[in-house]
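Subject: Structure for you to look through

Hello,

The structure I promised is below. Please read my notes with the model open beside them.

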Amino acid sequence: MTQPSRLSDSDRDDDAGTGGTGVGVATKTKTRTAKPALYKVLMLNDDYTPMEFVVLTLQRFFRMTIEDATRVMLHVHQRGVGVCGIFTYEVAETKVNQVIDFARQHQHPLQCTMEKD
C-alpha cells in the first residue's frame, strides 16, 4: 500500500509563483426587483348611462360594496371622472376592457380609461 503524496505549501496555493496570498474574498450580490408601475383606472361621466348600471359595474369589476360603489358613482357624476382602483398595468388594462365590453353589451356609452399613478 502506498501513502498519498504530500503537497508542499506552494503546491497547495492556487497563486503559487505569483506572489498571491491564496485567499479570496467572496462577494454576495443582492438583486432588487423593482416594483411594477401602478395605473389608476378611471371612469368617465356621460349623460346616458344609468347610475344603477355604474354602481353594478363598480361592484362587479372592482369588488366594491354598494356603499363604496355609490360613493364613486356620485363622484364621477358630480366631478366628471373618478378613480375605480389602482392596479398593475395588465390588471388595469383588463379591467378597462371588461368595463367597456360590459357597457357595450348593455348598450351603454360608459367610458373607462387608465393613467399612470
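A search for disulfides across the whole structure, which is a predicted model, gives 0. A disulfide is a covalent bond joining the sulfur atoms of two cysteines. Why is Cys 84 not bonded to Cys 112? The sulfur of Cys 112 is the closest cysteine sulfur to that of Cys 84, but the distance is 5.1 Å, so they are too far apart for a bond. The cut-off for a disulfide is 2.5 Å between the sulfur atoms. Cys 112 is likewise in no disulfide.

Are these two cysteines buried or exposed? Cys 84 counts as buried because its relative accessibility is 8%. Cys 112, at 5%, is also buried.

Next, the interior. The largest nonpolar core has 23 residues, and those touching the most other members are Val 41, Met 43, Leu 58, Phe 62, Val 99 and Leu 110. At least two residues of this core come from each of β1 (38-44), α2 (51-62), α3 (66-79), β2 (81-88) and α4 (89-105). Helix α2 gives the largest share, with 6 residues.

Phe 62 is worth selecting in your viewer. Leaving out residues up to four places away in sequence, Phe 62 touches Val 41, Thr 57, Cys 84, Phe 87, Lys 95 and Val 99.

Last, the surface. Leu 38, Val 83 and Ile 86 make up a nonpolar patch there, and together they have about 230 Å² of accessible area. Ile 86 belongs to strand β2 and is partly exposed, at 41% relative accessible area.

Regards

Technical notes
Residues are numbered from 1 along each chain as its sequence is written. This is a predicted model: local features need pLDDT of at least 70, side-chain atom pairs count only at pLDDT 80 or more; totals for chains, interfaces and linings use all residues. Side-chain values use heavy atoms; hydrogens and water are left out. A nonpolar core is a set of buried Ala, Val, Leu, Ile, Met, Phe, Trp, Tyr and Cys residues joined through side-chain atoms within 4.5 Å. Buried means under 20% relative accessible area, exposed over 50%, partly exposed in between (1.4 Å probe, protein chains only). Helices (H or I, at least four residues) and strands (E, at least two) are DSSP runs, numbered from the N terminus. Contact means heavy atoms within 4.5 Å. Patches are made of residues with over 30% relative accessible area and no salt bridge: like charges are joined within 9 Å, nonpolar side chains (Val, Leu, Ile, Met, Phe, Trp, Tyr) within 5 Å. Accessible areas come from the Shrake-Rupley method with a 1.4 Å probe; for residues, only the protein chains shown count as cover. A salt bridge is a side-chain nitrogen of Lys or Arg within 4 Å of a carboxyl oxygen of Asp or Glu.
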